[in-house]
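Q: I would like to learn how to read a structural model feature by feature, starting with its bound ligands. Could you take me through one, giving the general idea before the particular case?

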Amino acid sequence: MPVESQLLIPPCGGALTHLLVAREELEEVKAQASYLPTLQLTERSVCDLELLATGGFSPLDRFMGRADYQSVLERMRLADGHLFPIPITLPVKPGPDLRLDQEITLRDAKNEILAIMRVEELYEWDAAEEMHHVFGTTDLRHPLVAEMHKWEKLYASGRLCVVQLPRHYDFCELRLTPAQTRARLGALGREQVVAFQTRNPLHRAHEEMTKRAVGEKDGVLLLHPVVGLTKSGDIDHFSRVRTYKALAQRYYETGQILLALLPLAMRMAGPREALWHALIRRNYGANHLIIGRDHASPGKDSTGRPFYEPYAAQELVQQASAELGVGVVPFQELVYLPAERRYEESYKIPADAPTVSISGTQVREDYLNKGRALPDWFTRPEVAEILSDSFPPRYRQGVCVWFTGLSGAGKSTTAEILTIMLLEHGRQVTLLDGDVVRTNLSKGLGFSREERDINIRRIGFVAAEIVRHGGVALCAAVSPYRATRNDVRSMVGGERFIEVFVDTPLEVCERRDVKGMYAQARRGEIKDFTGIDDAYEPPQHAEITLDTVKATPEENARRILDMLIAQGFVRDLEPARDVYPAVAAAADPALTALASER
Ligand code: ADP
Ligand code: ADP
């Protein structure tokens, strides 16, 4: 273990909890773990276990037993009086292996052994009571309230012997334990360490604010982003960490910053969570925490009101600050003054001074989705580039157009024309045509209900992969069953799935009888033929319904193209007049003639 620095604030409780087995006992403990009954942990419990094991939650050294749990709910303290605002518990499913004094092996989702726990307590908990104390609400819009409804109804606690920390394969050099973080901070030689908690990309205002905070305290910055579980809808940690790295390397002085990743599973508990963040950061060596508006906010409740007051988090941590040993650096809102090309705290600016700002929603909708570059004053160019790579504009995002209808309805004919039109508009297209798919991907499958479903799901799987990688998938298969089509819609993602019902009446398809199959089916030579002796279930909410009797294939393809353009998946072409500029036409009589024909 790295040497403890004397310069930094000591961890909560005086020393870091350390639950990893000693190296010399490792083989023996592992062998023992392999034959004990297994408990598979959720992603959240794996995160909690990692912080318990390394001392991030010091002085806590186990998933909470009843006394600690009850005390944390009621007074934000462990039973022995130490501040601790968030319950860290292990929900378990009752079963024959779960009894007192039994040792069980805790494993991750991939079945890797993480720890052995001796079951010393098993107790029931009350969801409404916990929600009320910790979150102040039972509103299902709160992400943890919604999640807790799915937790098992028993909590287990007991001594932990950790065999191995959860393995990570990304950004390994930045994943520092509290002891490693302390060693690095100690080496920087400053007593004052200001931590910054974040689950968002950092823009110029954050950079400015962290630099001011560090300057004010004459210390160093612990840039400590959460990479465990954050709020769904947040920008993925891979993209975020790339932005933090770029900033730390280029825009902070060496020795002024330490970037380390925190494998925390956030609870979105507002004020209580802020206090927890401060406690955790003290364990990592920080004695200040920057707290701004809406810290660890779960957003708005079902009546549209914020769950917590914007500055409640700052206030709660401030009240506990002396006892906790961590000071609050209040994050003052910084706004940009374009005339002076600088940021300033909002309360220092005259009310009539022109300022500019861009909200998180605007970043997504007005810039990234439309492929517009984020301005320099708002974000560093390196950050803007990473964000625009990770979140390409809509016209480079994937989409699936799913044609359904009877055999001979006109699915392939329309899809082939649409393919050409999309290529003209600069999109990459894969056409998954039922007949073609059945000669390769689904070769050998017949037309029983089951085999048709397999065929459709295979097409759906491939389409979903294409869409995930930013391509356009056009699928043209009879796909007669509604439930299967709906499954495929959710595989691809509803907001990028356009169901096109090619609504050609059976008599018309039969009259066309492109492949002579209707005649064969009528003679009974083909069984289970859709429309003849097998059902076709028409879509109830198709995005587009095509009439192939009144409209030509080209007109229909253009209708779909127009919808894709309207939704932003395809960019409209520049008006064609620029192709034949007047000067060139005048100089070349052949071109003049051609242009006038058009
Ligand atoms: P599916 O793929 O739905 O089985 P196809 O596209 O292979 O159907 O066959 C449709 C047949 O109908 C083609 O021969 C096509 O030329 C003819 N057809 C006539 N009018 C239309 C139309 N408006 N749209 C599509 N196809 C049409
Ligand atoms: P799905 O897998 O949704 O049933 P496909 O588009 O993959 O539909 O295959 C349907 C095509 O296969 C039809 O256009 C027709 O040419 C041919 N076919 C052969 N037997 C049948 C059948 N029993 N029912 C429908 N189409 C059949």
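A: Let us begin with the elements that supply a ligand's surroundings, bearing in mind that this is a predicted model. In the shell around ligand 2, α14 (434–437) and α15 (449–468) each supply at least two residues, and the helix that gives the most is α15, with three residues.

Q: Which residues come nearest to ligand 2, and how does its shell divide into nonpolar, polar and charged residues?

A: A useful habit is to list the neighbours and then to sort them by character. There are 18 residues around ligand 2, and those that come nearest are R438, R452, N455, S479 and K515. Sorted by character, the shell around ligand 2 holds seven nonpolar, five polar and six charged residues.

Q: Which polar atoms of the protein lie opposite the oxygen and nitrogen atoms of ligand 2?

A: Here one looks for pairs of N or O atoms within 3.5 Å, and it helps to note whether the protein atom belongs to a side chain or to the backbone. On the side-chain part, a polar atom of S407 lies 3.0 Å from an oxygen atom of ligand 2. On the backbone part, a polar atom of K527 is 3.3 Å from a nitrogen atom of ligand 2, and a polar backbone atom of T530 is likewise 3.3 Å from a nitrogen atom of the ligand. As for cover, ligand 2 taken alone exposes 550 Å², of which the protein buries 94%. The space that ligand 2 takes is the second largest pocket.

Q: How should I read ligand 1 in the same way, and which residues come nearest to it?

A: The order of reading can be kept: neighbours, then contacts, then cover. Around ligand 1 there are 14 residues, of which G408, K411, S412, T413 and T548 come nearest. The shell around ligand 1 divides into five nonpolar, seven polar and two charged residues, and helix α13 (residues 411–424) gives the most to this shell, with three residues.

Q: Which backbone atoms pair with polar atoms of ligand 1, and how much of ligand 1 does the protein bury?

A: A polar backbone atom of G408 is 2.7 Å from an oxygen atom of ligand 1. On the nitrogen side, a backbone N or O atom of T548 lies 2.9 Å from a nitrogen atom of ligand 1, and a backbone N or O atom of A551 also lies 2.9 Å from a nitrogen atom of ligand 1. Taken alone, ligand 1 exposes 560 Å², and the protein buries 76% of that.

Q: Turning to the backbone itself, what should I look for in phi angles and peptide bonds?

A: The general idea is that most residues other than glycine have a negative phi, and that most peptide bonds are trans, so departures deserve a second look when one reads a model. One case is the peptide bond from S58 to P59, which is cis, with omega near 5 degrees; P59 is found in the loop between α2 (43–54) and α3 (66–75).

Q: Where are the residues D101 and D513, whose phi is positive, and is each of them buried or exposed?

A: Phi of D101 is near 75 degrees, and D101 has its place in the loop between β2 (90–92) and β3 (103–107). Phi of D513 is near 25 degrees, and D513 is found in the loop between α17 (506–512) and α18 (517–522). To decide on burial, compare the relative accessibility with the cut-offs, which are under 20% for buried and over 50% for exposed. D101 counts as exposed because its relative accessibility is 57%, whereas D513 counts as buried because its value is 17%.

Q: What does a buried histidine look like when it is read in this way, taking H277 as the case?

A: One asks first where the residue sits, then how accessible it is, and then what its side chain contacts. H277 has its place in helix α9 (residues 270–283), and it is buried, with a relative accessible area of 0%. The side chain of H277 makes a polar contact, at 2.8 Å, with the side chain of H295.

Q: How many helices and strands does the chain have, and what part of its residues is buried?

A: The chain has 21 helices and 19 strands, and buried residues make up 51% of its 598 residues. Along its principal axes, the C-alpha trace spans about 85 × 70 × 50 Å.

How values were computed. Residues numbered from 1 in each chain as written. Chains lettered and ligands numbered in written order. Predicted model: local features only at pLDDT ≥ 70, side-chain atom pairs only at ≥ 80, totals over all residues. Heavy atoms only, no water. Near = heavy atom within 4 Å. Polar contact = N/O pair within 3.5 Å; in protein donor to acceptor, adjacent residues only side chain to side chain. Areas by Shrake-Rupley, 256 points an atom, 1.4 Å probe, with all protein chains shown as cover. 1 Å grid on protein atoms, 1.4 Å probe; cavity = no way out; pocket = protein on both sides within 12 Å on 5 of 7 lines; lining within 4 Å. Sits in = over half its atoms within 2 Å of the grid points. Helix = DSSP H or I, 4+ residues; strand = E, 2+ residues; numbered from the N terminus. Nonpolar A, V, L, I, M, F, W, Y, C, P; charged D, E, K, R; others polar. Buried < 20%, exposed > 50% of the residue type's maximum accessible area, 1.4 Å probe, protein only.
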